[in-house]
Amino acid sequence: MNAPAPKTIYLKDYQVPDYLIDTTDLNVDIHDGYTLVSCMLALRRNPAAKQAATELTLQGADLELVSLSLDGRLLEEGDYTFGEESLTIFNTPETFTLITITKIKPESNTSLEGLYRSRTMYCTQCEAEGFRKITYYLDRPDVMSEFTTKVIADKKYPVLLSNGNLIEQGDAGEERHYAIWHDPFKKPAYLFALVAGDLAHIEDSFSTSSGRAVTLRIFVEPKDLDKCDHAMASLKHAMRWDEEVYGREYDLDIFMIVAVDDFNMGAMENKGLNIFNTSCVLAKPETTTDVGFQRVEGVVAHEYFHNWSGNRVTCRDWFQLSLKEGFTVYRDSEFSADMGSRTVKRVEDVTLLRTLQFAEDAGPMAHPIRPESYIEISNFYTMTVYEKGAEVIRMLANLLGKENFRKGTDLYFDRHDGQAVTTEDFVTALADASGRDLSQFKRWYSQAGTPRLDVTDYYDEDAQTYSLTIKQSCPPTPECQNKLPFHIPIAMGLLGSAGDLPLYLQGSQPDFETSDNTHRVLELTDAEQTFVFERVQEKPVPSLLRGFSAPVKLNYAYSTRDLILLMSRDSDGFSRWEASQQLGLQAISAAMAAYQQERSLDGFSLSAQLVDAYRRVLQDASLDQAMVAYMLTLPSEAYISELADVIDVEAIHYSRQAVRKALANALADDFTRIYQSYDHRQPYAATADAIATRSLKNVALAYLMLIHDEGSIRACEQQYRHGNNMTDVMAALTQLVNSEAPLAQEYSLAALADFFGRWQHESLVVNQWLSVQAGCQLPDTLSRVRALLQHSAYDGKNPNKIRSLIGAFCNGNAINFHSGNGEGYAFLADQIIQLNRQNPQIASRLLTPLTKWKKYDHVRQQLMKAQLERIRAEPELSKDVFEVVSKSLA
Ligand code: 0A1
Ligand code: ZN
């Protein structure tokens with residue numbers, strides 16, 4: 001018999017807490033094998049509660065209660081009772097002091113929530129509900145308390161850290177010592193952190209705009225001390241940027257980052273003591289790719305920005321998660337845009353959104369950015385809450401304009417500093433500051449699903465008018481069948497044969513935000529609306545959704561000629577890229593139609609018109625090289641799958657490959673020119689320009705490798721062997737591993753062995769080695785993945801290793817994972833069943849590809865569903881896995 005189904009929590013049931021905790025005094029006494037936590041709470045009835053409570057229920061999980069005393073009186077059986085993950089104390093007065101002593105076992109905590117051990121250090125992860133694994137507490141974000149933390153440990157852990165400022169340290173006898181930290185800012189328990197370890201650090205300082213000096217420290221294992229500089233530089237840039245763009249200063253005397261190897265997510269914004277997955281903080285050219293460098297910059301900034309958007313102003317409850325996450329992702333994305341290229345960053349963000357978030361919005365786990373219910377909140381750290389949440393903030397910023405948006409965020413921070421609030425409060429602050437009516441806009445918070453825009457147009461030559469009719473609709477999602485119209489900003493322009501045309505929209509003033517009046521934002525609020533432009537002297541091509549101004553799917557029947565015009569002439573860089581993607585999709589669709597008829601692509605070719613268009617992009621000196629690289633990169637299999645009604649795995653894979661091969665052959669001279677003109681001896685720099693030229697050169701290499709000529713294969717092998725940075729080394733290795741050419745295969749075996757020999761002591765580099773093998777598109781990859789699970793370099797308890805091997809195979813290798821015999825599905829189910837108890841969060845996340853079963857053909861559907869059912873039948877399913885599996889099968 002399975003245990004009763006876990007309970008669903010609803011937003012509509014929210015109630016203020018019965019008690020508040022004014023101060024929290026923790027004493028964390030770390031010993032080998034166990035830790036004693038003594039916790040003193042100053043409790044007070046919440047004046048805002050409906051009724052004066054006479055009992056107190058605290059949350060707690062996996063704790064051994066040693067003792068419990070109230071105002072100095074030791075409580076006995078009958079004074080309290082245990083619930084499932086809770087402790088209720090009876091007859092509680094108006095105010096009192098509660099002291100609990102609990103015993104925990106960090107060494108055997110494999111969930112990586114609460115206090116746990118990672119390699120040589122102890123560390124914590126408390127968001128969302130991990131603090132209850134440290135002590136009994138009101139573990140909810142609207143209970144904010146002033147924390148003082150004493151950490152006591154053996155001197156073999158010389159570094160003892162917690163939130164806030166260090167107020168005392170000293171000897172504790174018997175080779176032990178202690179440190180006391182005090183955090184003057186009230187905070188919810190999810191922002192608590194503690195670290196004890198033998199760590200090295202780099203230090204720097206930052207002077208805030210009002211002249212306060214802040215000490216900055218990054219703590220790592222001593223072997224990683226040479227990989228901290230990029231994170232430190234990124235931190236200082238982020239601190240300055242938040243002052244300049246949002247007027248937000250840092251507020252403590254010290255800001256610390258600690259890198260840990262075992263971490264479920266990317267990083268965590270604990271007040272004054274951010275804890276990072278090593279993969280999001282360590283970087284140096286020899287070991288880290290360009291993407292890795294950019295990720296470090298983005299994540300360091302993200303966590304830092306949380307100090308205001310998340311910590312100073314936090315969430316009332318976990319349904320409000322996007323309040324801090326959507327806003328902070330928007331902030332970090334704008335930061336990265338300012339540090340590098342704005343258009344490139346936009347292309348990257350939109351690519352992620354349209355593949356992963358759109359797919360989530362179309363699947364069984366679809367939810368609005370402010371969900372209405374959940375079983376396990378860890379399942380809601382999603383693309384929707386984060387990335388779509390950021391898109392919603394971006395729309396608000398664009399609707400309000402720069403100045404009003406800043407007024408709005410200033411008002412929000414001032415009005416709610418020190419409070420735990422809702423997304424409603426955020427929108428209200430923006431509306432109040434700008435005077436705009438955002439009531440319809442709020443539907444973005446409560447309705448899930450990706451809206452679809454169907455656009456038709458009509459040009460009246462005699463009247464010289466051009467009408468755009470836009471219909472919006474949104475498919476049903478589990479929480480809502482019938483959607484009300486959204487408020488959708490549609491940035492646009494009209495292209496004539498010589499470029500942008502001036503816009504005279506009937507019934508409105510020209511838009512003076514653009515000097516030449518060639519760009520404007522249409523606000524769609526009805527189910528269907530027509531916009532009429534006057535004085536249009538030729539039939540234009542509409543450039544719609546410039547900059548991807550709303551997270552929607554747009555349908556307009558562009559001809560190939562239209563797209564070629566947009567790709568070469570649009571004034572909006574994003575739209576030019578988008579046109580290149582649409583062109584690529586058209587070519588792939590044509591190939592797919594052929595493949596589906598013949599099950600073969602012999603004789604497939606591209607039109608000369610298309611090849612010329614791509615060639616012009618390669619030869620356009622005015623374009624950013626990174627944009628050229630992205631325009632030459634065809635839409636991914638994941639994106640094509642998202643667009644398909646029924647995913648035909650083979651057709652997608654082989655058709656995309658055929659188009660790539662055809663482009664490689666047709667444009668070989670250009671690719672060769674680009675590749676050969678690149679100077680591989682230049683020293684590495686992680687600047688936007690250097691990253692851009694490197695990425696274009698490596699795109700050229702990838703195309704050349706499809707030709708299978710000996711020259712390219714040798715050049716690739718040379719790049720692997722002599723590359724002076726990990727970006728080039730990995731790019732070459734990936735091409736060798738994925739090439740069918742016998743010579744490349746031969747090189748690839750040698751290179752993989754050489755790579756492991758060279759980097760076996762760098763855990764993060766070994767992860768890349770695992771991923772490149774798991775991502776191999778050639779047959780028999782699953783056997784290789786199985787063998788790697790047994791490899792000495794693999795560690796089934798480390799989330800980064802799991803993601804690099806199992807995650808990379810199941811999410812990034814469709815042709816093998818979805819192999820028709822179902823072995824990929826069974827393999828994944830085996831892994832999930834094993835991880836379910838060990839680390840429920842990771843188990844649940846790994847499930848994602850199986851949740852999409854309804855999008856596949858009948859045979860695959862049955863195979864995938866059978867594995868989901870097999871998982872569901874497991875005894876002792878974690879809440880995390882239960883929620884995803886049961887929703888997928890519903
Ligand atoms: N707030 C963090 C994300 C995070 C969430 C949960 C974690 O543990 C399970 C860890 C980190 C962020 O947005 O970066
Ligand atoms: Zn965050």
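**Contact between domains 2 and 3, and the sheet 30-26-25-32**

In this predicted model, 16 residues of domain 2 are in contact with 13 residues of domain 3. On the side of domain 2 that touches domain 3, the elements giving two or more residues are helix 4 (342-361) and helix 5 (383-400). Helix 5 supplies the largest share of that side, five residues. By residue class, the side of domain 2 that touches domain 3 consists of eight nonpolar, three polar and five charged residues.

These two domains belong to a division of the protein chain into domain 1 (18-198), domain 2 (314-446) and domain 3 (452-485 + 487-557). Taken over C-alpha atoms, the centres of domain 2 and domain 3 are separated by 24 Å. In an unreviewed entry, UniProt lists residues 231-444 as "domain: Peptidase M1 membrane alanine aminopeptidase". The span 231-444 is 55% helix and 9% strand, and its end C-alpha atoms lie 34 Å apart.

An open sheet is formed by four strands in the order 30-26-25-32, with mixed pairing. Strand 30 (528-533) and strand 32 (553-555) each have a single partner strand and stand at the edges, so one side of each is left without a neighbour in the sheet. From one strand to the next, the twist averages 20°. The pairing of strand 32 with strand 25 (residues 452-460) is in the parallel sense and runs over three bridges. Leu453 has Leu554, in strand 32, as its bridge partner.

Notes. Residues are numbered from 1 along each chain as its sequence is written. Chains are lettered from A and ligands numbered from 1 in the order in which they are written. This is a predicted model: local features need pLDDT of at least 70, side-chain atom pairs count only at pLDDT 80 or more; totals for chains, interfaces and linings use all residues. Two strands pair if DSSP finds at least two bridges between them. Axes are lines fitted to C-alpha atoms, for helices over the stretch in contact, and angles run from 0 to 180 degrees between N-to-C directions. UniProt positions are given in the numbering used here, feature names are shortened, and annotations may be inferred rather than shown by experiment. Domain bounds come from an automatic or database domain assignment. Two residues are in contact if their C-beta atoms, placed from the backbone, lie within 7 Å. Ala, Val, Leu, Ile, Met, Phe, Trp, Tyr, Cys and Pro count as nonpolar, Asp, Glu, Lys and Arg as charged, and the others, Gly among them, as polar.
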